[in-house]
Amino acid sequence: MTDRFAAFSFVDRIVLHEPAARARGTFAIPADVAAFPPCLMAEAVGQLAAWVAMAHIGFRGRPVAALAMETRFLRAARPGDRLDLAVDVEHCDDEAVAYRGHARIGDAVVIELDDCLGPMLPVADFDDPEALAARFALLTAAGAAPGRFRGVALPPVVRTGGVPGESATGTLAVPADAPFFHDHFPRRPVFPATLLLDAQIGLAVTLAAESGRWPAGAQLAPVRMTNVKVRSFTPPGQVLALTATMKPLQDGVATFQLAAAAEGRTVATSRVDIGMAADGTGAAARAAADEART
């Protein structure tokens, strides 16, 4: 099995496609992978939007991650689950695609994305346009064989400092080679922004657990991520400096300001709310966050 359309591709089939308007799709999480992090659910929704956008402009360009105003994490996904994906496109042309979307597992919405924007770049710089067009034809017909994804080995975040219970710093050494680079992207490997966000969320969750502001043994989870801005690409081999700063706890939820930089230049910024999970999901924490903002 090759890594192409396998190592970092999260749409098995597109079951509904209204050009430049909306799409519905599916992705079956293989039962034998170790885990499926929340940010990969966001990636799956974003990839469905990318297929709609690329098809609309004849595979001349492809969108890249740039802005996501709000992502709500409602429930964890587990190996063996099937994601039912949905995107509604608000605008799409050769310059950018704007969309919102969500994913369900069964009857439950597990993630929601609002106000997402992806600037379009020349697709030939990243991938083979003909291969993408052929893949889209497959996805909108019989669909791809499930079970291709074999999991992602995430590079660890090495803590470098900070103030206990208030802030943390760390480094993330992006690997020089990894299977996901052959899928993201074949002609210009780029460290996926969703993997960077997952590492940043992990740093925030660790800091939250160390703060002593929740009961001992509480399971903490991301509730909401806002104001995501990805400012530049991260190539293979790049070392990123991560920071997480914890704001005061409100109704059981803490907000963290996150940033990533490379060689003194900001790569990405965002905010994430962390709260106590209920039954392995973020539902209880999200309810508290919603109440705190009303």
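Leaving aside neighbours within four places in sequence, which residues is threonine 226 in contact with? Select threonine 226 in this predicted model and display what surrounds the residue. The contacts are Ala68, Met69, Glu70, Ser270 and Arg271. Threonine 226 belongs to strand β10, which covers residues 220-230. Its relative accessible area is 14%, so the residue counts as buried, the limit being under 20%.

**The nonpolar core**

Next, select Phe36, Trp51, Leu83, Leu85, Ile111, Leu196 and Phe256. The largest nonpolar core has 80 residues, and these seven touch the most other members. Now add helix α1, residues 38-56; with 12 residues, α1 gives the most to this core. In soluble globular proteins, nonpolar side chains tend to be buried together.

From that set, keep leucine 85 and show its surroundings. With neighbours up to four places away in sequence left out, leucine 85 is in contact with Phe10 and Val11, with the run Ala23, Arg24, Gly25, Thr26 and Phe27, with Ala44, Val45 and Leu48, and with His102 and Ala103.

**Helices α1 and α3**

Keep α1 on screen and add helix α3, residues 193-210. The two axes come within 9 Å and cross at roughly 155 degrees. The angle is over 145 degrees, so α1 is roughly antiparallel to α3. The crossing is right-handed. To see the contact itself, show Pro38, Cys39, Leu40 and Glu43 on α1, then Thr194, Leu195, Leu197, Asp198 and Ile201 on α3. By class, the contact residues are six nonpolar, one polar and two charged.

**Phenylalanine 59**

Move to the loop between α1 and β3 (61-63), where phenylalanine 59 is found. Is phenylalanine 59 buried or exposed? Phenylalanine 59 is buried, at 10% relative accessibility. Its phi is positive, about 60 degrees, although the residue is not a glycine. Apart from residues up to four places away in sequence, phenylalanine 59 touches Trp51, Met54, Val123, Pro129, Leu132, Ala133 and Phe136. Trp51 was also in the core selection above. For a distance check, pick the C-alpha atoms of phenylalanine 59 and aspartate 128: the separation is 9.3 Å, with their positions 69 residues apart along the chain.

**Phenylalanine 233**

Phenylalanine 233 sits in the loop between β10 and β11 (239-246). With a relative accessible area of 30%, phenylalanine 233 is partly exposed. Beyond residues up to four places away in sequence, its contacts are Val64, Leu121, Phe126, Arg188 and Val190. Draw a C-alpha to C-alpha line from phenylalanine 233 to proline 186: the two are 47 residues apart in sequence and 15 Å apart in space.

**A cis peptide bond**

Go on to phenylalanine 185, in the loop between β9 (167-173) and α3. What kind of peptide bond joins histidine 184 and phenylalanine 185? The bond is cis, with omega at about 10 degrees.

**Aspartate 251**

The last stop is aspartate 251, in the loop between β11 and β12 (253-262). Aspartate 251 is not a glycine, yet has a positive phi of about 50 degrees. Its relative accessibility is 56%, so aspartate 251 counts as exposed, the cut-off being over 50%.

Notes
Residues are numbered from 1 along each chain as its sequence is written. This is a predicted model: local features need pLDDT of at least 70, side-chain atom pairs count only at pLDDT 80 or more; totals for chains, interfaces and linings use all residues. Side-chain values use heavy atoms; hydrogens and water are left out. A nonpolar core is a set of buried Ala, Val, Leu, Ile, Met, Phe, Trp, Tyr and Cys residues joined through side-chain atoms within 4.5 Å. Buried means under 20% relative accessible area, exposed over 50%, partly exposed in between (1.4 Å probe, protein chains only). Helices (H or I, at least four residues) and strands (E, at least two) are DSSP runs, numbered from the N terminus. Contact means heavy atoms within 4.5 Å. Axes are lines fitted to C-alpha atoms, for helices over the stretch in contact, and angles run from 0 to 180 degrees between N-to-C directions. Angles under 35 degrees count as roughly parallel, over 145 as roughly antiparallel, 65 to 115 as roughly perpendicular and the rest as oblique. A crossing is left-handed if the near helix is turned anticlockwise from the far one by less than a right angle, and right-handed if clockwise. Ala, Val, Leu, Ile, Met, Phe, Trp, Tyr, Cys and Pro count as nonpolar, Asp, Glu, Lys and Arg as charged, and the others, Gly among them, as polar.
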